[in-house]
Amino acid sequence: SSEQITSLLSPTPCQRRGRVGRGGCSLGRSGLARRGRWRPGSPCVMLGDRVGTVTRIDGRSMQPTLNDAFVDGRRLWKGDEHEPVVEWVWNNRWDGRRMAVRRGDVVILRSPVAPGEQLVKRVIGLPGDWVKVPKMGGDAVVHVPPGQCWVEGDNQSASLDSNKFGVVPLALVQGTVRSVVWPLYRARKLPERSVMERVTHSHHS
């Protein structure tokens, strides 16, 4: 399934269409917006577009890495038992602008099939890689062409990803996610994860 992703400083397409407040989907407007300091094209928004933004992640496709009630084997969610877990992450836009993406990175990207939506996925394959695709059955592999990547959600039972829509242009990657910043009691650096067991041949080190 697709995620609902909202950046704190940058207006999303749904915000521009007036569907949600500028500060977030269900959280209402941010303090910046309430105080009247938020302006499209302002230095803080431009900085967010180029360097990074605090971004809200909704959805289950990256569990247990993101939005899971349990962290390091401990239940760490103060919300209601039936309330969806929501986390805010640091979206490193600088990495996205430089296309500084590595295998195993968690990235935020524009959806290749739903204009205006964003997804959060893990990069499995980079240009030149041959990626094993268990969902295709047997020993099926897919070649990743130049300028493309193969992305998947960690929770395959709830993820719309390259298994459904194929390879994705690297140009759609908006940034990398390496840490959770909110709620504070869940703040942490995301563990690095190797995906090399999925790559049968690569032109990269």
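## A buried charged pair

A polar contact is a pair of N or O atoms within 3.5 Å; within protein, one must be able to donate a hydrogen and the other to accept it. With that in mind, look at Asp 129 in this predicted model: a polar contact of 2.8 Å joins its side chain to that of Arg 103. Asp 129 sits in the loop between E7 and strand E8 (130-132). Buried or exposed, what is Asp 129? With a relative accessible area of 0%, Asp 129 is buried, because the cut-off for buried is under 20%.

Lys 121 makes a good companion case. This residue belongs to strand E7, and at 0% relative accessibility Lys 121 also counts as buried. Its side chain makes a polar contact of 3.1 Å with the side chain of Ser 61.

## How far to trust the model

Before going further, a word on confidence. The chain has a mean pLDDT of 77, and 69% of its residues reach 70 or more. Where is confidence lowest, and where is it highest? The lowest value belongs to helix H2 (residues 31-34), with a mean of 29, and the highest to E10, at 97.

Please take care with residues 10-46, where pLDDT stays under 50. The model has 52 contacts beyond four places in sequence for this stretch.

## The nonpolar cores

The largest nonpolar core contains 13 residues, and those with the most contacts inside it are Leu 109, Val 151 and Val 168. Strand E6 (106-110), strand E7 (118-125) and strand E10 (148-152) are the elements that give two or more residues to this core. Strand E10, then, has a part in this core and is also where confidence is highest in the chain.

You can follow Val 168 to its neighbours. Leaving aside residues up to four places away in sequence, Val 168 touches Leu 109, Pro 112, Gly 147, Gln 148, Cys 149, Val 151 and Ser 162. There is also a second, separate core of ten residues, which includes Met 62, Leu 66, Ile 108 and Val 180.

## Met 62 and its surroundings

Met 62, one of the residues of that second core, is found in the loop between E2 and strand E3 (70-71). Its relative accessible area is 2%, so Met 62 is buried.

Which residues does Met 62 touch, not counting those up to four places away in sequence? They are Val 106, Val 120, Lys 121, Arg 122, Glu 152, Gly 153 and Asp 154. The list brings back Lys 121, the residue whose side chain makes a polar contact with Ser 61. Met 62 and Gln 156 are 94 residues apart in sequence, yet their C-alpha atoms are 8.5 Å apart in space.

## Strands and sheets

Strand E2 (residues 52-58) is mostly covered, with six of its seven residues buried. Six bridges link E2 to strand E5 (residues 87-92) in the antiparallel sense. If you want a landmark for this pairing, Ile 57 stands opposite Glu 87 in E5.

Elsewhere, three strands form an open sheet in the order E9-E8-E14, with antiparallel pairing. Strand E9 (141-143) and strand E14 (199-201) stand at the edges with a single partner strand each, so one side of each has no neighbour in the sheet. From one strand to the next, the twist averages 30°. E8 and E9 pair over three bridges in the antiparallel sense, and Lys 132 stands opposite Val 141 in E9.

Terms used
Residues are numbered from 1 along each chain as its sequence is written. This is a predicted model: local features need pLDDT of at least 70, side-chain atom pairs count only at pLDDT 80 or more; totals for chains, interfaces and linings use all residues. Side-chain values use heavy atoms; hydrogens and water are left out. A nonpolar core is a set of buried Ala, Val, Leu, Ile, Met, Phe, Trp, Tyr and Cys residues joined through side-chain atoms within 4.5 Å. Buried means under 20% relative accessible area, exposed over 50%, partly exposed in between (1.4 Å probe, protein chains only). Helices (H or I, at least four residues) and strands (E, at least two) are DSSP runs, numbered from the N terminus. Contact means heavy atoms within 4.5 Å. Two strands pair if DSSP finds at least two bridges between them. Axes are lines fitted to C-alpha atoms, for helices over the stretch in contact, and angles run from 0 to 180 degrees between N-to-C directions. pLDDT is the predictor's confidence in each residue, from 0 to 100.
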